[in-house]
Amino acid sequence: MDSPVPRTRPRAAAQEPASPQPARKAAAASARITRASAPANTVPPTPTPAEPARRPRGRPRKTAEELDDGNRRRKLMDGAAKLFRTQGFAATSTRDIASAAGMHSGSPFYHFESKNALLFAVMSEGMTMAVQSQQQALAALPAVAPPREQLRTLIRHHFEILLGPRSSFIPVMLYEWRSLTPAQRKAIGRIKDEYEAAWMPALQALAAQGALQADPGVARLFIFGALNWAVQWFSPKKGKSLDALADEALALFIQKDLSK
């Protein structure tokens with residue numbers, strides 16, 4: 001008998017390494033899914049520079065400090081004008097002026113370099129204000145206002161700045177003219193000439209009508225001399241209004257209006 005041959009288990013065939021293609025495809029598919037599900041990257045918009053704030057038209061508004069300085073300056077001028085009128089320029093000290101304005105004794109020199117500069121400011125700013133308010137009074141008249149009405153408006157306005165609430169600057173100008181320097185007198189003289197020149201058209205028209213019995217230029221000097229003297233004798237306590245005073249002055253200077 002043949003001897004049995006021991007059976008041997010056949011060797012398993014060597015397995016080939018798995019192909020890398022399926023793994024790469026799976027990774028690529030996974031990456032595509034990830035990219036599809038992820039939010040798209042967005043580039044943030046470039047910030048637009050803010051536009052500069054527009055400047056308001058006209059003059060810039062004054063700060064609280066500037067307004068306070070302006071108010072203090074005005075208080076000094078008003079107080080100085082009253083003191084110059086009642087006591088005289090020479091007899092009024094800067095301490096008196098500061099006290100009248102409720103300030104320390106050195107405060108006037110913060111706004112004015114000297115007492116003389118303060119006197120000049122009282123006169124020049126007072127006359128400038130008078131020119132402006134006179135222009136407004138004339139502009140309020142009808143365009144065809146007769147010359148008599150124009151002169152009456154000018155007289156009434158002049159009494160207002162002579163005898164009204166802030167009337168000290170003209171008496172100061174009349175009585176303290178010599179306290180100014182020559183250059184200061186020249187500067188105020190130009191403003192004064194502008195103020196008085198506005199009277200000439202009405203006076204010339206009245207002279208042409210025969211209602212003014214004088215040369216217009218000479219009449220103007222007489223009229224201002226008479227009106228300005230009212231600061232010496234007028235008293236509101238006597239009951240006469242500025243309107244009544246203007247009517248009487250007009251009747252004194254020109255003939256009665258015969259057309260009425």
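How many Å should the 13 residues of H10 span at 1.5 Å a residue, and how far apart are its end C-alpha atoms? The expected span, taken as 1.5 Å times one less than the number of residues, is 18 Å for H10, and the end C-alpha atoms are 18 Å apart, which agrees.

This is a predicted model, in which local features need pLDDT of at least 70 and side-chain atom pairs count only at pLDDT 80 or more, while totals for chains, interfaces and linings use all residues. Residues are numbered from 1 along each chain as its sequence is written, and side-chain values use heavy atoms, with hydrogens and water left out.

**The chain as a whole**

The chain holds 12 helices and 0 strands, where helices (H or I, at least four residues) and strands (E, at least two) are DSSP runs numbered from the N terminus. Of its 260 residues, 33% are buried, a term that means under 20% relative accessible area, with exposed meaning over 50% and partly exposed lying in between (1.4 Å probe, protein chains only). Contact means heavy atoms within 4.5 Å, and among contacts between residues at least 6 apart in sequence, 72% join residues at least 24 apart.

**Helices H8, H9 and H10**

The table sets out the buried residues of three helices.

| Helix | Buried residues | Covered by or packed against |
|---|---|---|
| H8 (182–197) | Gln184, Ala187, Ile188, Gly189, Ile191, Tyr195, Glu196 | H5, H6, H7, H9 and H10 among them |
| H9 (200–208) | Met200, Ala202, Leu203, Leu206 | H6, H8 and H10 |
| H10 (216–228) | Pro216, Ala219, Arg220, Ile223, Phe224, Leu227, Asn228 | H6, H7, H8, H9, H11 and H12 among them |

Seen down the axis of H10, its buried residues fall within an arc of 150 degrees, so they line one face of the helix, the arc being that of the directions from the helix axis to the C-beta atoms. On the other side of H10, Leu221 and Phe222 are exposed. An α-helix has 3.6 residues a turn, so residues three or four places apart point the same way. Ala226, also found in H10, counts as partly exposed at 39% relative accessibility, and its C-alpha atom is separated by 9.9 Å from that of Phe253, which is 27 residues apart from Ala226 along the chain.

In H9, Met200, Ala202, Leu203 and Leu206 are buried, and, seen down the axis of H9, the buried residues fall within an arc of 165 degrees, so they line one face of the helix. H9 is followed by Gly210, whose phi is positive, near 80 degrees. For H8, the 16 residues should span 22 Å at 1.5 Å a residue, and the end C-alpha atoms are 22 Å apart, which agrees.

**H5, H6 and the loop after H6**

Helix H5 (residues 115–139) and helix H6 (residues 147–163) pack at an angle of about 145 degrees, with their axes 10 Å apart; axes are lines fitted to C-alpha atoms, for helices over the stretch in contact, and angles run from 0 to 180 degrees between N-to-C directions. The contact is made by Ala130, Ser133, Gln134, Ala137 and Leu138 of H5 and by Gln150, Thr153, Leu154, His157 and Ile161 of H6.

Ser167 lies in the loop between H6 and H7 and is buried, with a relative accessible area of 7%. Leaving aside neighbours within four places in sequence, Ser167 is in contact with Arg85, Ile161 and Leu162. The C-alpha atoms of Ser167 and Lys82, 85 residues apart along the chain, are separated by 9.0 Å.
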